[in-house]
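I'm opening a fresh page for this one. I want to look up how its helices pack and where its nonpolar cores lie.

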Amino acid sequence: MMITSKNLTFSYDQNIKILDNLNLEIPTGQFSLLIGPTGCGKSTLLKVLAGLYPKYAGKVSGDLNLNGLKSAIMFQNAGEQFTMATPREEIIFALENLRVKQADYHKHLTAGVQFAQIENLLDQKINTMSGGEQQRVALAVLIAMDIDLFLLDEPFASCDPQARQFLITKLAHLRDQGKTIILSDHVLNGYQDVCDCLFQFAGHHVQQLDSLAKDKLLQTSMHQNNYSFAVPQNEAACFTLNKTQLTQNRLLLSQDQLKIIAGKTTLITGANGVGKTSLFNALTKMLPYSGSLTYHNREVRQQATRKYLLHVAQIFQNATDQFLSVTVQDEINLSKKQRTNGFFTDEKINEVLADLDLDQHLDQVVYSLSGGQQKKLQILLMLIADQDVLLIDEPLSGLDHVSSQKVMQLLRQSQKKRGQTLLIISHELDGLADWCDYHLVFADKQLHYVTK
């Protein structure tokens with residue numbers, strides 16, 4: 001059996017077609033991967049397949065046949081699809097909507113929990129979880145729903161490498177049980193032995209690669225890089241931790257001594273849920289701490305919040321959490337009001353918008369942009385706003401290789417010109433590691449500098 005589309009066309013308005021007369025056959029019972037540049041229409045196709053479009057946005061023409069398969073989608077930003085407070089409540093809510101018999105709740109709940117291995121998260125507040133943990137919860141909900149067709153939009157964007165490989169393997173097992181997997185991703189590591197079909201977006205069209213081209217492309221992604229980092233030596237500190245503790249549901253950090261160096265770029269890595277984002281929230285006064293945490297030798301908790309945040313800013317993991325206005329142009333104008341130096345002139349901003357392929361989207365509502373487009377806009381907005389310190393959470397999430405390179409180049413250029421201190425959380429080291437000065441690993445409630 002095939003999932004088929006004939007002359008499938010989608011647009012948010014009459015002027016811009018995201019999908020244009022798409023004729024496609026996707027085999028059922030197989031693992032299919034969608035790839036292509038940021039903003040090419042992968043997420044849109046998944047939402048059309050899930051029945052979200054045109055029910056909630058846009059216009060669709062042409063024919064689409066799912067051959068009676070029950071489908072559900074996992075969003076790129078998993079946090080956007082939760083309604084209830086905890087995973088247990090979310091799964092039960094989904095089962096209620098499907099009118100599953102109450103006597104069968106336990107069976108469905110157990111299946112989802114065991115599949116995604118979220119036993120320790122089942123009664124935790126979802127809004128206190130890391131992005132990677134939320135993605136595992138979202139997948140657990142889909143498993144509990146016992147659907148035929150899994151539509152997954154960048155499902156591992158916030159997962160650490162071990163969690164990513166674990167979930168890919170579990171999805172392959174679902175395929176082996178007769179389920180259909182259609183998944184979009186920019187990172188191709190881990191799919192070599194599980195991907196049956198690879199569909200590549202080019203322009204408004206989609207082409208299925210033959211087996212030889214598919215294997216060659218996936219094989220190319222299997223490179224291993226050996227990175228090396230320096231260790232700080234008597235350099236001036238931006239932040240200093242002394243007997244610092246962070247707690248959120250449990251003790252996350254217990255740090256005796258640590259200096260984060262001013263004017264440098266420091267990469268922070270660690271497993272999902274270890275506390276990386278919570279550390280950023282403490283540095284921006286959104287999460288209380290005990291002990292001492294100073295910014296240029298002044299205790300953070302004692303500083304006036306509004307004045308402090310003119311110097312220290314956080315780029316959130318989810319771009320939509322950062323937006324305050326409606327259109328791209330509105331957001332740009334708002335950030336311009338916070339400029340304090342001459343680096344991001346109007347001319348420079350227009351140049352960057354064109355380079356990031358955002359210049360044709362100025363009148364578009366920010367929430368209708370693709371995940372990658374939102375991420376590019378979010379980073380540009382925060383650079384225009386001109387803080388001394390930027391805490392950047394997963395800057396490459398949802399970005400194709402070319403877009404990642406452009407974003408990294410922009411960050412490097414801005415830091416070089418303005419002497420900013422950058423702290424970056426990321427699970428993707430390619431494109432980042434060669435640029436970062438130092439590497440902090442977060443494990444066992446401690447941060448340690450490492451040379452690899």
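Below are my entries on the cores first and the helix pairs after.

Entry 1, the model. I remind myself that I'm working with a predicted model.

Entry 2, the largest core. I looked up the largest nonpolar core and found 50 residues in it. Leu33, Leu152, Leu171, Leu183 and Tyr191 touch the most other members. I then checked which elements feed this core: strands S3, S5, S6 and S7 and helices H2, H3, H4 and H5 each give at least two residues. H4 has the largest share, with nine residues.

Entry 3, Leu152. Which residues does Leu152 contact, leaving aside neighbours within four places in sequence? I got Leu46, Met74, Leu139, Leu142, Leu171, Ile181, Ile182, Leu183 and Ser184. Apart from this core I noted another one of 39 residues, including Leu267 and Leu396.

Entry 4, H4 and H5. The axes of H4 (131–145) and H5 (161–176) come within 12 Å and cross at roughly 10°. An angle under 35 degrees counts as roughly parallel, so H4 is roughly parallel to H5. On the H4 side I listed Arg136, Leu139 and Ile143, which meet Ala163, Phe166, Leu167, Leu171 and Leu174 of H5. Sorted by class, that contact has seven nonpolar residues, no polar ones and one charged.

Entry 5, H9 and H11. Here the axes of H9 (328–336) and H11 (371–385) are 8 Å apart, at an angle of about 20°. These two are therefore roughly parallel as well, and H9 passes H11 in a right-handed crossing. From H9 the contact takes in Val328, Glu331, Ile332, Ser335 and Lys336, and from H11 Leu377, Leu380, Leu381, Ile384 and Ala385. I sorted these into seven nonpolar, one polar and two charged.

Technical notes
Residues are numbered from 1 along each chain as its sequence is written. This is a predicted model: local features need pLDDT of at least 70, side-chain atom pairs count only at pLDDT 80 or more; totals for chains, interfaces and linings use all residues. Side-chain values use heavy atoms; hydrogens and water are left out. Axes are lines fitted to C-alpha atoms, for helices over the stretch in contact, and angles run from 0 to 180 degrees between N-to-C directions. Angles under 35 degrees count as roughly parallel, over 145 as roughly antiparallel, 65 to 115 as roughly perpendicular and the rest as oblique. Contact means heavy atoms within 4.5 Å. Ala, Val, Leu, Ile, Met, Phe, Trp, Tyr, Cys and Pro count as nonpolar, Asp, Glu, Lys and Arg as charged, and the others, Gly among them, as polar. A nonpolar core is a set of buried Ala, Val, Leu, Ile, Met, Phe, Trp, Tyr and Cys residues joined through side-chain atoms within 4.5 Å. Buried means under 20% relative accessible area, exposed over 50%, partly exposed in between (1.4 Å probe, protein chains only). A crossing is left-handed if the near helix is turned anticlockwise from the far one by less than a right angle, and right-handed if clockwise.
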